[in-house]
Amino acid sequence: MKQMVFTSPNSVVLCLLIVPVFWTNVFGHEGNGIEIPLYSNDRAYLNGEILIDRDGFAWYPIQNGIIKKMGKWEMFIPIEFGPGRATPVTALFEDLQGNIWVGCEKGGFKIDQSTFEVEHIGWKTPIDGLQAWFTSFVQQKDSTIWIGTETGHVLKYKNGQIVQSYTSPKIGSGSNAIKLTMSGNSLLARNSNKNQLFHLESDSLKFIGPLAKNSVLIPHYQAPSIFRNLKKRRSFLKNTPYEYRYIEDIQTWELILGETEKWFFLKNTIVAKVNGSMAIKSFSLKDDEIVIEEKPLPTIESGVREFTVDSMGTLWLGYMNKLVKLKMKGNYLTHYLDDWTERVSTRGMAVDSKGHLYVGSYSGTFRIDMENNISELFLNHNFYTLQLENDSILWGVKTDKLYRVNTITGAHKVYKAPPGSIVLEQRDADTFWIGTLKGLFLFNKRNKTFEPFNDRFNGVDLTNETIRDVFQSTNGDIWIATDNGAYHYNSRSGKAIHYKNGGEKYTIPYKMVYDIHEDKSNNIWMATDAGLCQFFIGGPVECYSMGDGLSDARVCGILETSDGLWASTFNGLNKIDFESCSIERINVSTTKTDNEFNHRSALKLNDSTLVFGGTNGIYKMDTQLVENENCLVHIFPVSIKTYDKKTDGIREDFVNGKTPVVTIDHDNNHFEIKFALNNYFDHGHNSFQYLIEGLDDSWQDLGNDARLRLYGLPPGDHKLRIMGINDLGIPSENEVIVPITVNQVFYKTTWFLLLLAISVSGGILIMVERRHKVIKKELWLKQQVKKMEMRALRSQMNPHFIFSTINDLQSDIILKNEETVNGYIHSFSKLLRITMDMVAVEKISLKRELEYLEAYVKLQKYKLKKNLEYRFSVHLRGHDSKEIKIPCMLFQPLVENAIVHGLMGKKDNRRLKIDFEVFESYLIGTVEDNGIGREASKKCERDQRYDQHALGIIDKRIKMTNEIGQGGNIDLQIIDLKKDGAPCGTKVVLKIVFGEAK
């Protein structure tokens with residue numbers, strides 16, 4: 001027999017705090033809940049127990065290792081459990097330091113969560129020297145680990161080693177698996193073979209006595225209160241398979257459950273697994289004897305191999321190839337009509353003094369004996385609203401009829417009501433308010449007449465209004481909820497106010513108002529289609545929506561108890577605390593239909609018991625048993641992906657909640673971070689946001705993507721902040737904060753600039769000294785300075801062009817555009833070779849310049865996905881292109897400017913013409929495009945900055961060349977082309993006197 005063992009006092013306390021798990025009916029789910037596939041390997045299967053760690057993440061074994069599941073992400077930790085075969089894992093345990101212990105045939109393994117290093121811990125039996133199989137783990141407060149084994153030994157592990165072993169002659173030899181548990185400060189050892197119980201005392205295992213085959217051990221402090229109220233050792237119910245006894249020596253109860261493979265005990269409920277199926281065994285006290293009600297859960301798919309319950313009250317079921325998460329109802333909820341022959345969508349409700357609840361629905365009118373849990377179909381008629389009179393007369397309205405029903409005999413009378421009647425509210429002893437799809441009426445019970453009441457509110461006409469609720473406040477005012485806002489009639493002034501969406505004076509941000517309620521402080525609350533609205537007496541109006549914590553903006557009912565308001569919505573229940581004004585969510589089920597409540601289906605039985613109706617029956621809620629489900633939510637970093645220079649590939653480092661630090665180079669400034677939230681039920685409805693301080697003005701939404709990829713961060717130090725919101729809308733208490741350092745380009749680093757400054761300063765001092773000594777060489781020095789400035793300008797252009805091309809190449813590599821990468825590399829390498837030739841010379845041959853320009857244009861054509869037509873035209877009139885020398889890098893910026901700022905703005909039909917012609921002693925170069933023109937290009941801020949960089953440098957070069965007078969004059973002319981008055985391109989003409997290279 002396998003059983004779940006509470007492995008430490010801390011784990012027991014944690015389990016006792018799991019309020020949502022205590023339930024008396026069935027799960028709040030339908031079908032198979034949320035399925036989680038086992039690992040990404042199709043061949044993986046569940047190979048042992050499931051563990052939920054202190055952070056709320058799942059650990060489970062597969063045949064060759066352990067998986068840690070963190071939201072959408074998972075980490076595989078390889079472990080060899082057995083020699084050449086898949087050996088099942090018999091124990092998973094988390095110690096006080098956060099290490100994960102694994103019990104298997106090879107002994108045990110300890111996984112350090114900070115490093116994910118795996119340490120093997122083995123122990124061989126003294127007699128035969130065989131490796132002991134570890135079957136269970138517990139830990140004391142002093143961090144001592146106790147280990148149960150398959151050979152009947154109990155091991156003491158302390159200070160990183162096994163320091164002692166214990167056994168008893170009564171255990172015997174052979175297969176005697178020991179299951180350990182803690183009862184207070186006492187260590188209990190249970191022998192599964194002979195089913196005996198031992199207690200560790202004075203360095204020996206003391207025999208306590210035999211145990212029943214299928215018994216459960218419950219420490220006294222953890223036992224249900226109904227056990228403690230009974231006499232010890234008293235026999236259980238007669239003629240039942242259940243018995244119990246109190247073991248005085250160890251202050252522990254033994255409960256015999258019958259055939260049970262595994263169990264999980266909480267308060268007055270046991271969740272058990274029998275033959276792969278799940279069942280609930282709930283305790284109650286009747287006539288001074290314990291009664292156990294056992295109810296199977298047929299809606300759960302059979303074949304359950306393992307299960308556990310986490311701190312959120314979620315049941316984790318382990319199957320061969322998947323996990324399933326199911327949320328369980330709390331013991332504060334009782335579900336009625338959920339097992340009817342058809343789904344019952346409720347409407348009006350009323351209750352008599354005997355606790356009989358009458359429920360109007362589309363399936364008829366039901367009567368429910370809530371004390372004995374008996375439901376019956378009372379009438380075949382379906383009512384929108386119900387009112388009960390003196391326990392014996394039930395009034396119900398639907399469409400165009402008003403019914404008067406005798407609850408004892410079932411006899412009823414029908415009165416023709418106004419068309420579209422949906423609301424029935426008591427006005428006084430003799431009259432009802434009747435709300436319809438076309439206004440408001442009064443029904444007189446004495447003379448059985450219906451009287452229109454649409455024009456009684458000081459000029460306000462309700463004839464065309466759909467009435468959802470009529471409410472009379474304690475001061476006599478009348479409030480009317482409609483599909484067009486709400487009306488307030490002041491009984492003292494006789495004035496009527498219409499609150500509506502977009503109203504000129506009295507406005508509320510809602511269109512439809514479903515329900516109106518007056519709280520104990522006489523403030524008015526409205527349930528609307530977009531949230532809650534609170535009218536303070538003589539004060540402001542407060543509005544609450546999903547951003548304030550509501551589970552759904554569509555609020556359909558409001559009830560009040562002494563400690564707060566309770567609001568039903570189209571997706572769950574909510575509690576509004578009077579003191580803190582905080583909103584707590586109460587999810588009934590994992591399914592939308594079970595969480596969807598209906599208008600006019602809310603009833604208060606007493607100050608602690610409320611009834612809410614929805615699309616799948618009725619829920620009765622004991623508000624005193626409800627505890628806050630808004631538990632603490634934390635976000636954890638999972639892993640970081642960066643470029644690794646050593647392997648020339650992408651490297652992923654798992655950080656396991658530690659604060660990561662990212663350092664990347666300027667030429668590989670991209671990385672990916674994964675993260676996860678704990679304390680959630682459905683990670684598919686989590687959401688995330690991020691912000692980079694100094695770069696982002698506000699939080700950027702990631703939606704449900706638990707991964708962030710960043711590209712192109714500027715050099716420097718940055719701080720990335722990430723936060724999350726779980727599926728209940730609860731934001732994380734913390735943020736993932738990632739320091740990021742992008743290393744600067746070497747020539748922009750502080751040390752390089754400092755060295756450059758020192759060098760320049762030294763050069764200036766030397767130049768000044770020489771100037772005083774050699775005045776005659778002043779003119780020559782000026783000319784040398786001009787040449788140095790021209791070389792510096794060319795060096796400015798080369799990095800500008802090279803870095804632009806590298807960025808384009810990097811983008812294609814990142815995007816894996818393999819079709820264009822090879823072409824890019826070929827053209828780019830040719831450009832680099834020619835560029836390196838240009839560095840050492842003042843001038844270059846026209847032939848070399850033509851090769852350079854053609855390679856560059858081909859590169860740009862790849863970038864434009866071949867959507868570029870170009871043409872080169874050369875007319876040299878007998879001159880050799882090798883002999884014509886021109887200044888370096890004059891034409892490439894003009895061609896780049898034509899493509900980037902003229903042609904990229906067009907979607908298609910891009911044409912570029914490059915012409916060279918010799919006329920007398922001049923070389924005339926023309927670059928012409930059919931682009932968008934300079935005026936359109938100047939509107940782009942980026943283009944303006946580039947124009948200042950590229951064309952400005954060319955202009956300076958031309959002026960310096962002309963000033964020095966070497967190589968003749970150079971003339972630049974820019975012509976705006978137009979057709980029919982509209983821009984159709986740009987022509988740039990460069991006129992150069994050519995000669996021999998210097």
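Which side chains meet in a salt bridge with an N to O distance of 3.4 Å? In this predicted model, the pair is Arg871 and Asp915. The two partners come from distant parts of the chain, 44 residues apart, with Arg871 sitting in strand S64 (residues 869-875) and Asp915 in strand S66. Arg871 counts as partly exposed because its relative accessibility is 43%, and Asp915 also lands in the partly exposed class, at 21%.

Strand S66 turns up again in another pairing. Arg877 and Glu917 form a salt bridge whose closest N and O atoms are 2.9 Å apart. Here Arg877 lies in the loop between S64 and strand S65 (885-887) while Glu917 belongs to strand S66, so this bridge ties together parts that are 40 residues apart in sequence. Arg877 is exposed, since its relative accessible area comes to 54%, whereas Glu917, at 33%, is partly exposed.

These pairs are just a sample, as the structure holds 32 salt bridges in total. Some of them share partners: Glu693, Lys719, Arg721 and Glu735 are joined into one network that way. Another bridge pairs Lys604 with Asp607, with 3.8 Å between the closest N and O atoms. Both ends of that bridge are partly exposed, Lys604 at 39% relative accessibility and Asp607 at 36% relative accessible area. As a general point, side chains of opposite charge can pair when their charged atoms come close.

Now for the nonpolar side of things. In soluble globular proteins, nonpolar side chains tend to be buried together. The largest nonpolar core in the model has 41 residues, and Phe891, Val895 and Leu912 are the ones with the most contacts inside it. Several elements each supply at least two residues of this core: helices H6 (818-839), H7 (846-863), H8 (891-903) and H10 (941-964), along with strands S66 (911-919), S67 (922-929) and S69 (982-993). Helix H7 gives the most, with eight residues. Strand S66 thus has a part in both stories, as a contributor to this core and as the home of Asp915 and Glu917.

Val895 gives a closer look at the packing. Setting aside neighbours within four places in sequence, Val895 is in contact with Leu853, Tyr856, Val857, Leu912, Ile914 and Val927. One of these partners, Leu912, is itself among the residues with the most contacts inside the core. Elsewhere there is a second, separate core of 33 residues, which includes Phe57, Val633, Leu677 and Leu720.

Notes:
Residues numbered from 1 in each chain as written. Predicted model: local features only at pLDDT ≥ 70, side-chain atom pairs only at ≥ 80, totals over all residues. Heavy atoms only, no water. Core = buried A, V, L, I, M, F, W, Y, C linked by side-chain atoms within 4.5 Å. Buried < 20%, exposed > 50% of the residue type's maximum accessible area, 1.4 Å probe, protein only. Helix = DSSP H or I, 4+ residues; strand = E, 2+ residues; numbered from the N terminus. Contact = heavy atoms within 4.5 Å. Salt bridge = Lys/Arg side-chain N within 4 Å of Asp/Glu carboxyl O.
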